Amino acid sequence: MSPMAASVYSPALHPSHSSYPRRRRDAVVVAASASSSPEETKDVVIVGAGIAGLATALSLRRLGVGTTVLEQGPSLRAGGTSLTLFKNGWRVLDSIGVADELRAKYLRVQGMRMRSSAGGRDLREFSFEEEAPGQEVRAVERRVLLETLASKLPPGAISFSSKLKSVAGQGAEGTLLELQDGRRLRSKVVVGCDGVNSPIARWMGFSEPRYVGHMAFRGLADYAGAGGQPFEPKVSYIYGRGLRAGFVPVSPTKVYWFICFNSPTPGPKNTDAAALKKEALVLVRGWPDDLVAVMRSTPDEAVVKTPLVDRWLWPGVAPSASRGGVVLVGDAWHPMTPNLGQGACCALEDAVVLARRLAPAVLAAGAGDDVGEALREYERERWGRVFPLTARAGLVGALVQWGNPAVCAVRDGVVIPRLVRLGPFLEHTNFECGLLEPVAPSP
């Protein structure tokens with residue numbers, strides 16, 4: 001694989017994770033509870049109202065299965081900046097009925113311009129339509145994507161301020177969950193969509209995500225007060241030594257930017273937004289003026305810094321994605337570095353595949369064995385997709401982050417101008433999830 005694969009898939013183009021990888025003090029534990037609180041009985045409980053959780057809830061609803069989504073915060077998470085979806089992600093959004101609403105808000109990205117950090121020298125330009133006909137690329141605001149998905153669920157489907165305390169046990173009647181507020185839920189199926197630091201994944205025996213040695217700054221510039229942003233709908237990608245950066249127009253008034261740099265450790269977490277922005281600007285001092293201008297047009301609070309992490313699902317080593325009636329989706333199962341732009345896309349794919357496998361089993365009264373087999377089928381179908389993508393994304397990131405001057409000279413003088421081909425790099429976006437024909441949801 002060419003080191004230049006990440007010229008198409010920037011690790012910072014696609015937001016990674018909202019917190020540093022660490023063992024959480026509030027980790028879910030297995031607990032035998034003597035609580036006398038009454039149990040609520042559910043068919044499907046989804047833990048986490050992020051992209052994976054809301055897409056899973058909406059996919060199941062379209063197939064007639066109602067769900068309860070537990071979100072530990074008091075509202076939908078507004079953090080994060082923007083994420084880029086390729087055509088496989090848009091196919092999923094088409095399948096669950098929200099794509100056109102989002103397309104109306106966000107620009108279709110037409111191509112990519114690649115430059116050197118030394119004087120901003122042009123290295124190559126790509127047109128998606130010419131090199132990868134049929135490709136659809138748009139950057140979307142994470143907040144708006146979550147709000148759009150949530151708006152299609154019935155009132156009360158998302159239970160806010162509902163933090164998981166423990167997985168209290170499993171039996172023939174389902175999995176018992178205890179919440180911090182004392183509530184107890186027994187559910188036939190529990191779907192862990194609780195993100196990269198997933199307590200449910202830890203309970204199932206998964207390792208902590210691995211820090212890959214790269215950090216990312218990301219921000220969302222706002223040009224609403226300046227009459228709109230002035231850029232063509234192209235990704236502008238800039239290469240340095242052990243450092244890369246760029247920006248992409250999101251909408252007529254928003255521009256997303258990113259920086260990826262090498263760091264042996266994540267270091268202490270810094271929540272001072274103004275300091276983060278200053279640190280990011282120092283990294284690209286002397287780089288092209290348009291990048292710096294975009295960064296300066298970003299509100300301090302719209303700048304984040306995160307480590308890039310992943311987890312490789314080695315066959316025979318990684319635990320199963322399901323345990324009894326508990327199953328993992330998205331980053332909770334397969335966190336990946338964003339070098340292929342597939343973290344959010346794969347979470348969306350997971351949601352549709354799981355719903356298609358699971359819905360018939362849930363709707364078949366008393367079909368406990370059917371639920372277990374449906375979850376195993378989901379894992380078999382998805383593992384062959386997500387493990388290679390996770391590994392490939394990690395390898396691509398390792399290659400393009402090299403800082404060796406000779407390697408960088410070959411990259412800028414030979415690989416990018418003469419060897420890079422966009423079509424083969426985007427082949428993984430040809431995944432077809434199929435349509436979910438809507439049926440009446442269960443009560």
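**Entry 1: surface patch**

I looked up the nonpolar surface first and found a patch of about 250 Å² made by V410, V414 and L419. The model I am reading is a predicted one. I placed V414 in helix α11, which covers residues 405–419. V414 has 34% relative accessibility, so I list V414 as partly exposed.

**Entry 2: salt bridges**

I searched the whole structure and noted 32 salt bridges. I then went through some of these pairs.

I checked K42 and found a salt bridge to E40, with 3.9 Å between the closest N and O atoms. The cut-off is 4 Å, so I count this pair as a salt bridge. K42 is partly exposed at a relative accessible area of 25%, and E40 is partly exposed at 32%.

My next pair was E71 and R77, whose closest N and O atoms are 3.5 Å apart in a salt bridge. Is E71 buried or exposed? I entered E71 as buried, because its relative accessibility is 3% and buried means under 20%. R77 has a relative accessible area of 35% and is partly exposed.

I also looked up R357, which forms a salt bridge with E381 at 3.0 Å between the closest N and O atoms. This pair links distant parts of the chain, 24 residues apart: R357 sits in helix α9 (residues 343–363) and E381 in helix α10 (residues 368–400). I noted R357 as partly exposed with a relative accessible area of 33%, and E381 as partly exposed with 38%.

**Entry 3: network**

I last recorded a network of salt bridges that links D94, D100, R103, E136 and R138.

Methods:
Residues numbered from 1 in each chain as written. Predicted model: local features only at pLDDT ≥ 70, side-chain atom pairs only at ≥ 80, totals over all residues. Heavy atoms only, no water. Patch = residues over 30% accessible without salt bridge, like charges linked within 9 Å, V, L, I, M, F, W, Y side chains within 5 Å. Areas by Shrake-Rupley, 256 points an atom, 1.4 Å probe, with all protein chains shown as cover. Salt bridge = Lys/Arg side-chain N within 4 Å of Asp/Glu carboxyl O. Helix = DSSP H or I, 4+ residues; strand = E, 2+ residues; numbered from the N terminus. Buried < 20%, exposed > 50% of the residue type's maximum accessible area, 1.4 Å probe, protein only.
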